[in-house]
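Could you walk me through this structure in my viewer, one selection at a time? I would like to know what to click on next and what I will find there.

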Amino acid sequence: MSASVKHKYRPETRLVQSGILRSQFGETSEALFLTQGYVYDNSAQAEARFKGEDDGYQYSRFANPTVTMFERRMAEFEGAEAARATATGMAAVTLAMMGQVKAGDHIVASKAIFGSCLYVMEDYLPRYGVTSTIVDGFNLDEWRAAMRPNTKTCFLESPTNPTLEVLDIAEIAKIAHAAGATLVVDNVFSTPLWQSPLELGADCVVYSTTKHIDGQGRCLGGVILGSEKFIQDHIHNLIRQTGPSLSPFNAWVLLKGLETLAVRVQRQTDTAATVAVALAEHPKVTRLIYPGRPDHPQAEVVRRQMRGGSTLVAFEIKGGKAAAFRFQDALELIRISNNLGDAKSLITHPATTTHQRLTPAARAELGISDGLVRLSCGLEHPDDIVEDLLTALKAA
Ligand SMILES: Cc1ncc(COP(=O)(O)O)c(C=O)c1O
């Protein structure tokens with residue numbers, strides 16, 4: 001069953017208005033219910049709530065009104081039937097996979113995924129008897145060849161980190177479904193604004209809400225979205241019983257983040273496109289990757305699958321690691337940090353930070369050269385960002 005649902009209002013309106021649970025005080029801004037527990041009117045009500053015959057709240061590991069508002073707003077925006085929030089993005093990824101498998105099952109994942117996600121697929125789940133096959137996500141034949149009768153689920157990230165290449169979600173979903181498996185998509189790099197994996201055939205979408213959804217560098221969080229059945233069958237009970245729940249405070253911060261997500265991501269995307277134009281022909285830039293440009297390696301898939309580009313730009317500085325370091329160290333406005341999606345522009349050198357654990361050969365396979373840097377565009381004036389980059393390139 002498709003998890004995608006139709007809505008009355010446009011996505012930007014849903015980001016501001018949907019999911020509100022207004023208290024008896026009629027507050028305009030969503031209330032922060034900073035409470036662990038809930039009291040009952042009488043013993044019979046407590047009994048009914050524990051039996052599931054009364055809808056109210058019981059305990060904030062299970063559910064909390066502020067967290068519910070965040071989950072409802074995320075589901076409304078994504079076009080999903082249901083959502084569950086988690087303490088971090090990694091909790092969301094781990095639960096989305098763990099909730100679907102048991103010992104003896106098999107999973108397939110794309111190679112170009114966030115390092116901790118690769119750890120979950122390659123090292124962690126196999127400890128419990130879940131075997132995994134890691135494929136070159138761009139090669140559809142590798143996905144087909146990896147499917148086994150016991151394959152339960154597949155995992156991919158698109159656009160990929162840090163090279164911003166784009167996998168064909170609709171085709172990979174077809175391959176997974178033909179084998180009786182589901183597809184989970186980590187949609188962090190595109191944000192819910194530019195890509196809707198559920199509409200493309202995926203069964204589940206996960207986010208690190210730490211990135212654009214907070215968007216102002218304040219708190220960690222994650223969310224899992226899918227059909228009501230997917231969430232009930234695989235996620236709901238797992239979160240209640242094992243406890244990687246989102247704190248109400250962080251849910252409140254994230255709710256306020258959602259109100260401004262569309263304007264922030266649009267502006268950051270426009271800035272990234274401006275940066276891409278300014279740097280593409282620069283003599284010290286040997287390669288530039290930006291989804292939306294005609295020279296993007298999967299330009300045709302980008303056109304089919306995404307509604308916008310990216311808030312990130314990846315580019316290679318001529319002269320390898322030494323030149324990339326000189327360039328980064330000469331930046332004045334843009335700060336060096338491995339985070340992304342922030343209001344502040346951030347840059348990272350993946351080969352020596354996020355991807356340093358990989359062998360040089362594995363990095364080369366993923367296109368992560370020693371000169372590659374990844375820029376996350378913030379909300380500063382685009383001309384200031386471009387000027388900072390062009391000035392620092394003189395030092396490279
Ligand atoms: C693509 C991607 N997925 C998952 C995560 C994990 O999210 P978190 O740090 O919120 O656990 C990150 C970043 O950290 C990421 O970039």
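Start by selecting Asp-186 together with the ligand: in this predicted model, an N or O atom in the Asp-186 side chain lies 2.7 Å from a nitrogen atom of the ligand. Next, add Thr-210, where a side-chain N or O atom is 2.6 Å from an oxygen atom of the ligand. Then bring in Gly-89, which takes part through its backbone: one of its backbone N or O atoms is 2.9 Å from a ligand oxygen. If you now switch on a surface, keep in mind that the ligand taken alone exposes 380 Å², and that the protein buries 90% of this area.

Now widen the selection to the whole shell around the ligand. Besides Asp-186, Thr-210 and Gly-89, please pick Thr-88, Met-90, Phe-114, Glu-157, Val-188, Phe-189, Ser-208, Lys-211 and Gly-221. Colour these shell residues by character and you should get four nonpolar, five polar and three charged. Which pocket holds the ligand? The ligand sits in the second largest one.

Time to leave the ligand and look at charge pairs. Side chains of opposite charge can pair when their charged atoms come close. The model has 17 salt bridges when a side-chain nitrogen of Lys or Arg must lie within 4 Å of a carboxyl oxygen of Asp or Glu. One to zoom in on is Lys-152 with Asp-105, whose closest N and O atoms are 3.0 Å apart. Lys-152 belongs to strand β4 (residues 151-157), while Asp-105 is in the loop between α4 (89-98) and β2 (106-110), so this pair ties together parts that are 47 residues apart in sequence.

For the last stop, show the backbone of the loop between β4 and α7 (169-178), where you will find Pro-159. Click on the link from Ser-158 to Pro-159: this is a cis peptide bond, with omega about -10°. Pro-162 is also in the loop between β4 and α7, and a cis peptide bond joins Asn-161 to Pro-162, with omega about 0°. Finally, select Leu-164, again in the loop between β4 and α7. Though Leu-164 is not a glycine, its phi is positive, at about 60°.

Notes. Residues numbered from 1 in each chain as written. Predicted model: local features only at pLDDT ≥ 70, side-chain atom pairs only at ≥ 80, totals over all residues. Heavy atoms only, no water. Near = heavy atom within 4 Å. Polar contact = N/O pair within 3.5 Å; in protein donor to acceptor, adjacent residues only side chain to side chain. Areas by Shrake-Rupley, 256 points an atom, 1.4 Å probe, with all protein chains shown as cover. 1 Å grid on protein atoms, 1.4 Å probe; cavity = no way out; pocket = protein on both sides within 12 Å on 5 of 7 lines; lining within 4 Å. Sits in = over half its atoms within 2 Å of the grid points. Nonpolar A, V, L, I, M, F, W, Y, C, P; charged D, E, K, R; others polar. Helix = DSSP H or I, 4+ residues; strand = E, 2+ residues; numbered from the N terminus.
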